[in-house]
Amino acid sequence: MAVHTKHPASEPPSAPVREKTGHLLLRGWCIFVLFMALSGTAWVHAFGEPVTAVIVIAGALVSLVLWFVIRPSVQWRRLPWFAASYIAWATLSLLWSAWLSTTALTLLLLYLTTIQAAFVAAVLTWREIVRAIASALKWVMALSLLFELWVAVFVKAPLLPGFIVGKADDPIEYWSRNNLFEWDKRIQGIMGNSNLLAPVALLAIIVFAIRIAAGAPRRPLLYAWIALSAFLLVRASSATAYLAAAGAALVLITVLLMRTARRPGERTKYYVGYAVIGVGGALALFFLREPIFTLLGRGSDLTGRESTIWTAVLERANQRPVAGWGFATPWVTNDPMFDGWIVDHGVSVQQAHNMWLDVYLQLGIVGLVLFSLLFLAYVWRTWFFAVDRPRWDLRADRPYSPLTLLPTLVGAILLVQGFAESSPLLLWGWMFLIMFGFKIKQSPHIGVGPAEQGAAIERGEQIKQAP
C-alpha cells in the first residue's frame with residue numbers, strides 16, 4: 001500500500017531547534033536580574049538592608065563573570081556616551097560631596113544597576129529582552145497579589161518590614177496596610193509603596209499587550225495577566241501612574257499614526273497635533289492642577305511636594321548651583337545631612353520627589369545638563385526606533401515590529417513619573433533607561449546585528465541573512 005507524504009525524501013522532517021541548556025539558564029538569570037530591579041524595595045522590607053546589599057552585589061558579580069565567560073559581541077564605539085558622562089560626573093562629585101559616605105554608597109548602587117542593564121542588553125536579543133521583562137513582571141504582579149492576600153487572610157493586621165506584626169507610629173511605615181478587602185483604600189504590593197507598585201503595574205499592562213501583538217503563545221493567559229495588572233494599578237491608585245498612562249497612550253497613538261504615513265512630509269501634521277496636545281496637556285496640568293488632582297484624590301501640590309519638599313530642595317540646591325552637593329540617589333537618611341532635613345509623616349524623606357530637582361541638588365547645573373542630554377538622546381533614539389521601518393539596505397517595505405514600541409513607551413512613563421518621583425533615577429527606571437539605550441545603539445533593528453546573531457548561535461540556530 002502506497003504511503004504519501006508532503007515531505008521530499010531528500011529532506012525528511014526534523015525536530016524544531018531547541019535552545020541549549022546554557023542559554024535557558026542565562027535567560028533565567030536575566031529574568032531574576034530584572035525581577036530584582038522591578039521589585040525594588042521588596043528586598044529591603046523582607047530581608048533588611050545588609051542582606052539586600054549582599055544579594056545586589058553578588059548578583060552584579062555573577063553577571064560580570066557570565067559576561068567574561070560568554071563574551072557577547074559589543075561594539076565599544078557605540079556605547080551610550082551621554083549616560084557614561086553623567087556617571088563620570090557623579091563619580092567626580094566625590095571630590096566636593098557634602099555627604100561623602102552617602103555618595104560612595106549610592107554610587108556603588110548606580111554602578112551595579114548600570115552593569116546589570118548593560119549585561120542584559122548584551123546577552124539577549126530584542127525578543128528575549130521583552131520576553132524576560134514579561135516573565136519578571138509576572139513574578140512581581142503575582143507576588144504582590146499573593147502577599148496582600150496572605151496579609152488579609154492569615155495575618156489579618158497591618159504588617160511592618162521584616163514580617164513583624166505591630167503598631168507603627170504612622171501608616172507610611174507599614175509594608176502592607178491590610179487593605180486588600182477594603183476597596184476604597186490603596187494597596188502597596190511587595191514594594192510596600194503604592195507609588196512604586198502602580199507604575200510597574202502600568203508597565204506590565206504595556207509589556208503583556210506588546211507580547212500579544214507580537215504573536216506570543218498562550219494569549220488567554222496574557223489577557224489574564226493584563227487583568228491582574230490593571231487590578232493592581234487601580235487598587236494602587238497613584239495619580240502619577242494615571243497621568244503616565246495618559247502620556248503613554250498619547251505616545252502610542254502618535255506612533256501608530258506615524259506608521260501610516262506613506263509620503264515624505266505626511267508625518268508633519270501628526271507631529272503638530274502631538275506637540276499641540278502635549279504642550280496643551282502640560283499647561284492644563286499646571287494651571288488646572290487643583291481640580292485635576294482633586295479629581296484623582298490628591299492635593300493640588302501633589303500631597304505636600306510643592307509646598308514642602310520642592311521648596312526645601314530648591315533652597316539648598318541654589319546654594320551650590322553649578323556642581324551640586326554630591327551624588328546621593330537615593331538619599332541615605334542615616335546621614336546627618338538628610339536625617340530630619342525634610343520630614344513627611346514623621347519620616348525623613350529619601351528623595352526630592354522630582355528627578356530634575358534631585359539631579360540639580362546633587363550634581364548642579366552641569367549634572368542637570370548631562371542628564372537632560374541623556375534623556376533627550378534616549379527619547380530621540382527610541383522614538384525613531386518605533387516610528388521608522390526596519391531598514392539597513394535599499395529595501396523600504398519591511399513590516400513594523402510591536403516590540404519597537406516598548407522603549408519609547410517606557411520613556412513616556414519615566415518622563416511623567418519623574419515629575420512627581422525621583423524613582424526613574426534608580427532601580428528599574430535607571431536600568432531600563434540604560435538597557436534600552438545600550439541595546440538600540442548596539443542593535444538598532446529587530447533580528448539583525450552582531451548581538452542578535454550571537455545569541456541565536458548560542459541557542460543553536462543557523463544564521464541566515466535578513467530578507
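This is a short tour of one predicted chain, stop by stop, for following along in a viewer.

**Before you start**

The model is predicted, so local features are taken at pLDDT of at least 70 and side-chain atom pairs only at pLDDT 80 or more, while totals for chains, interfaces and linings use all residues. Numbering runs from 1 along each chain as its sequence is written, and side-chain values use heavy atoms, with hydrogens and water left out.

**The whole chain**

Show everything as a cartoon. The chain has 16 helices and 4 strands; these are DSSP runs numbered from the N terminus, with helices being H or I of at least four residues and strands E of at least two. Of the 467 residues, 48% count as buried. Here buried means under 20% relative accessible area, exposed means over 50%, and partly exposed is in between, with a 1.4 Å probe and protein chains only.

Switch to a surface and you are looking at about 22,800 Å² exposed by the chain, with carbon and sulfur atoms supplying 67% of it. Accessible areas come from the Shrake-Rupley method with a 1.4 Å probe, and for residues only the protein chains shown count as cover. As for contacts (heavy atoms within 4.5 Å), residues 24 or more positions apart account for 73% of those in the chain with a separation of 6 or more.

**Stop 1: helix α6, the buried residues**

Select residues 126–155, which make up helix α6. Within this helix, pick Val140, which is buried because its relative accessible area is 0%. Leaving aside neighbours within four places in sequence, Val140 is in contact with Phe35, Leu38, Ser39, Ile190, Met191 and Val200. Draw a distance from Val140 to Ile190: they are 50 residues apart along the chain, and their C-alpha atoms are separated by 7.6 Å.

Now click on Met141, also in helix α6. Met141 counts as buried, at 0% relative accessibility. Not counting residues up to four places away in sequence, Met141 touches Leu197, Val200, Ala201, Ala204, Trp225, Leu228, Ser229 and Leu232. The C-alpha atoms of Met141 and Leu197, 56 residues apart along the chain, are 8.9 Å from each other.

**Stop 2: a nonpolar surface patch**

Stay on helix α6 and select Leu149, which is partly exposed at 35% relative accessible area. Add Trp139, Leu143, Leu146, Trp150, Val153, Phe154, Phe163, Phe181 and Trp183, and together with Leu149 you have a nonpolar surface patch of about 1,100 Å². Patch members have over 30% relative accessible area and no salt bridge; like charges are joined within 9 Å and nonpolar side chains (Val, Leu, Ile, Met, Phe, Trp, Tyr) within 5 Å.

**Stop 3: a loop and a salt bridge**

Go to Gly162, in the loop between β1 (159–160) and β2 (164–165). Gly162 is partly exposed, at 36% relative accessibility. Beyond its neighbours within four places in sequence, Gly162 is in contact with His45, Ala46 and Trp175. Gly162 and Trp43 are 119 residues apart in sequence and 9.9 Å apart in space, C-alpha to C-alpha.

Next, select Lys185 and Glu182, whose side chains meet in a salt bridge at 2.9 Å, N to O. The term means a side-chain nitrogen of Lys or Arg within 4 Å of a carboxyl oxygen of Asp or Glu. A search of the whole structure finds 1 salt bridge. Lys185 is partly exposed at 39%, and Glu182 is partly exposed at 33%.

**Stop 4: aromatic rings**

Turn on the side chains of Phe, Tyr and Trp. The structure holds 29 aromatic pairs. Rings (the six-membered one for Trp) pair if their centres lie within 6.5 Å; planes under 30 degrees apart are stacked, over 60 edge-to-face, and the rest tilted. Trp89 and Trp96 form a tilted pair because their planes are at 50°, with centres 5.1 Å apart. Trp89 is buried at 19%, whereas Trp96 is partly exposed at 25%.

Move to Trp356 and Phe371, an edge-to-face pair with 5.3 Å between centres and 65° between planes. Trp356 is partly exposed at 26%, and Phe371 is buried at 0%. Add Tyr86, Phe375, Tyr378 and Trp430, and with Trp356 and Phe371 they form one aromatic cluster.

**Last stop: Arg316**

Finish at Arg316, which lies over the face of Trp341, 3.8 Å from the ring centre. The charged end of Arg316 also sits over the ring of Trp325, at 5.6 Å from its centre. A charge sits over a ring if NZ of Lys or CZ of Arg is within 6 Å of the ring centre and within 35 degrees of the ring normal.
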